[in-house]
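Trainee: I would like to take a close look at a single part of this model, the place where its chains meet. Please go through it slowly and in one connected account.

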2 protein chains.
Amino acid sequence: MMKKLNINLSENSYPILIGNGLFARLFDEIYKRRNYGKILFLVDGNVSRIYRKQIIELIDGYFTGKGLDSSTIVKILPIKPGETSKSIETLSKVYSYMIDNNFGRDSLVVALGGGVVGDLAGFAASTFMRCVDYVQVPTTLLSAVDSSVGGKTGINFLHTKNIVGSFYQPKFVLIDLDFLKSLNKTEILCGAGEILKYAFMTGPGFYSFIKKNIDKLLTLDNVVLTKIIVECLKIKGSVVESDEKESGLRKILNLGHTFAHAYESVLEYKVKHGEAVAAGLVCAVILSRKLSLMDEALYQDFINFLKQFTIRKSFNNLDKQKLYSAMLKDKKNRGGKIKFVLPHSIGELLVDVEADKDDVVYSLNEFENVVFS
Amino acid sequence: MMKKLNINLSENSYPILIGNGLFARLFDEIYKRRNYGKILFLVDGNVSRIYRKQIIELIDGYFTGKGLDSSTIVKILPIKPGETSKSIETLSKVYSYMIDNNFGRDSLVVALGGGVVGDLAGFAASTFMRCVDYVQVPTTLLSAVDSSVGGKTGINFLHTKNIVGSFYQPKFVLIDLDFLKSLNKTEILCGAGEILKYAFMTGPGFYSFIKKNIDKLLTLDNVVLTKIIVECLKIKGSVVESDEKESGLRKILNLGHTFAHAYESVLEYKVKHGEAVAAGLVCAVILSRKLSLMDEALYQDFINFLKQFTIRKSFNNLDKQKLYSAMLKDKKNRGGKIKFVLPHSIGELLVDVEADKDDVVYSLNEFENVVFS
């Protein structure tokens, strides 16, 4: 069964398709929109290793079924897994590949992978020949619940996360739940970080649902997973619809991310973004209580809940001064004070909260106490 | 006296200000729009050499007059003159400079120079932090009559012109005619190429005006110059207003450009874009007659007119096969046949005209006969 959500924007609205076995329908979805001359698959190296044969069979099958020769039309470029691929070097490789293979304005880029591939592919598509179309086919929980939707694209530069990028919406997002079956525990945790973010952003219903079904989420139960993905994307969709280019409201999606980006930077991107988001959420909850913006009972409830998600030892015993400096360098705080998005109660967030250095450092220390002691 | 034109788009409309001594009003124009935290001037190296002191005095004067300290706010980064600066390396330098100097979302980029600086600055602004504002202050005739308006930004990559870029409109365009006073003959010819393009695109009035005032244009007479700039930008504005992202009509602005880009590529960008456009226009006129799309009398009139603009010897005795191959690689022809925009009569252009290789090569040969014999 397929679920369908729509992201309605003034220009460039698009659907999100969610279900099992959807990847087999990819080319139908593509060609019912436009008769693209060339298609470039940017594929996460791990995904490519597992699914390359399936992708090629799918391509061959589609074209053979229509009596066409696909050999010159569809290309697959594997992208080395990991955050380091969100670089100007990898971007240059993508441009070169497209130029060498004579990609024109009637090209389509397909992002098949997690957030790294999605962000890179979206940015390449938004800038190649002043833009060609792209679609998102997320294969990780994090990209399925968050990064594949909303049109934020980008790469890192000079150790600064997402400092170069664009707002550029995909033509559609196709979420085949079967891809998620191969995810390991760390990957699930990565998605869980963003899912919890959404749980904090909406009413008590979704928060309770996740609490009750936490085991099923961690074991990727199909029904629970579908419900959670749909709910997260509904929230994200409504935020993006009212503030596509982050002039205001969209900021709330950065809950936990100021801390998260600092962890990623200090840990030199050797942890995954989603893990850092999970850690960042814990810090945000702690900071909120420290600033008396959250009551004690709720604080305990949040913390007990968050503790169920195992956070790696790499996040322990870090240099707090370094973390604080990294926050000052974060894209959102450049040239000013650090502004946080903090949870107030379930479904209520506070934005642009300024905090003293002491309180931030307290939160970083307390995070380690809470999580690792 | 200042002239004002408006470019009216569904989003991001903006004014063009044209007149003498307008540069002195730059900061007033900037700050009446928004209170930017940081301003980066990307300045053509030649302009910087001539005007650096004046820019600094202007900045100091503005801030001192308001009792403010400007030292940490406004930065000037000179850009090496020439097409080779439209590169991913120079772009990376701009990003690095902005990151190192802690530029945030409330930044403004000012492009002070010709088309190279304008295209580079616009692209940097459209991608730094997923976009910051920019303004165009053209200092060449070509950028004043053409490239500063319309929001096409970009860099070259792998010898392919403008293959990476965006459609991104400036907040305003400020054309101070005083900058044009220091232009040499080659620079004037560069602008003339694009001006003639506009003369071919509109009714006989403007064409006659230019023919009658050709000497005054070449000596940069203030009244004639103003009239010509205003007319060109009116035409360009109306085209951009109906087709901002070049899905159809905007193609007509590429008159002469298929040939021009081939000349630039084969001559390894050692000629200026405007010179190549002038040469490309002659080729387009020749090809149009060869394909019987233009009558003989008009052909002679055009050619006699175009011959008044001296084209450099570097355009003579070129390898026609190389030029033809370069056209096949042009961004607009990728993966297909070469499509030309050709003049039919004054004010009437034909788009998407396909031509046999023989006719194209004939035109390249005939160009050399007409211009250099």
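Trainee: How many salt bridges are there between chain A and chain B?

Mentor: The structure is a predicted model, and within it the count between chain A and chain B is two salt bridges. One of them joins Arg105(B) to Glu246(A), with the closest N and O atoms 3.2 Å apart. In the other, the side chains of Arg105(A) and Glu246(B) meet, and the N to O distance is again given as 3.2 Å. This second pair crosses from the loop between helix 3 and strand 5 (107-113) of chain A, where Arg105(A) sits, to the loop between helix 9 (222-242) and helix 10 (257-266) of chain B, which holds Glu246(B). As to the surroundings of these two side chains, Arg105(A) has a relative accessibility of 28% and therefore counts as partly exposed, whereas Glu246(B) is buried because its relative accessible area is 7%, which is under 20%.

Beyond these charged pairs, eight residue pairs are in polar contact between chain A and chain B, counting those with both residues at pLDDT 80 or more. On the side of chain A that touches chain B, the elements that give two or more residues are helix 3 (88-100), helix 4 (115-127), strand 7 (152-157) and strand 8 (160-167). Sorted by class, that side of chain A has 13 nonpolar, 13 polar and nine charged residues. Taken as a whole, the contact draws 35 residues from chain A and 35 residues from chain B. The size of an interface is often given as the accessible area lost when the parts come together; here the area buried between chain A and chain B is about 3,200 Å², and carbon and sulfur atoms give 55% of it.

For a view from the side of chain B, consider Ser96(B), which is placed in helix 3 (residues 88-100) of that chain. Once its neighbours within four places in sequence are left aside, Ser96(B) is in contact with Phe157(A) and Leu158(A). Its relative accessibility is 19%, and because buried means under 20%, Ser96(B) counts as buried.

The salt bridges across the contact can also be set against those elsewhere, since a search of the whole structure finds 49 salt bridges over all chains. Within chain A, Lys181(A) forms a salt bridge with Asp178(A), the closest N and O atoms being 3.9 Å apart. Lys181(A) is partly exposed at 47% relative accessibility, and Asp178(A), at 32%, is partly exposed as well. Within chain B, the side chains of Glu83(B) and Lys86(B) meet in a salt bridge with an N to O distance of 3.9 Å, and both Glu83(B) and Lys86(B) are buried. In chain A, salt bridges that share partners link Glu83(A), Lys86(A), Asp119(A), Lys161(A) and Glu264(A) into one network.

Finally, as background to the contact, there are the nonpolar cores. The largest has 89 residues, and those with the most contacts inside it are Ile229(B), Tyr263(B), Phe315(B) and Phe367(B). Helix 11 (residues 273-290) of chain B provides the largest share of this core, eleven residues. Not counting residues up to four places away in sequence, Tyr263(B) touches several residues, including Ala276(B), Cys283(B), Phe315(B), Leu318(B) and Phe367(B). Another core lies apart from it, with 87 residues, among them Leu189(A), Ile214(A), Val271(A) and Phe309(A).

How values were computed: Residues are numbered from 1 along each chain as its sequence is written. Chains are lettered from A and ligands numbered from 1 in the order in which they are written. This is a predicted model: local features need pLDDT of at least 70, side-chain atom pairs count only at pLDDT 80 or more; totals for chains, interfaces and linings use all residues. Side-chain values use heavy atoms; hydrogens and water are left out. Contact means heavy atoms within 4.5 Å. Buried area is the accessible area (1.4 Å probe) that two parts lose on being put together, summed over both. A salt bridge is a side-chain nitrogen of Lys or Arg within 4 Å of a carboxyl oxygen of Asp or Glu. A polar contact is a pair of N or O atoms within 3.5 Å; within protein, one must be able to donate a hydrogen and the other to accept it, and residues adjacent in sequence count only if both atoms are side-chain atoms. Helices (H or I, at least four residues) and strands (E, at least two) are DSSP runs, numbered from the N terminus. Ala, Val, Leu, Ile, Met, Phe, Trp, Tyr, Cys and Pro count as nonpolar, Asp, Glu, Lys and Arg as charged, and the others, Gly among them, as polar. Buried means under 20% relative accessible area, exposed over 50%, partly exposed in between (1.4 Å probe, protein chains only). A nonpolar core is a set of buried Ala, Val, Leu, Ile, Met, Phe, Trp, Tyr and Cys residues joined through side-chain atoms within 4.5 Å.
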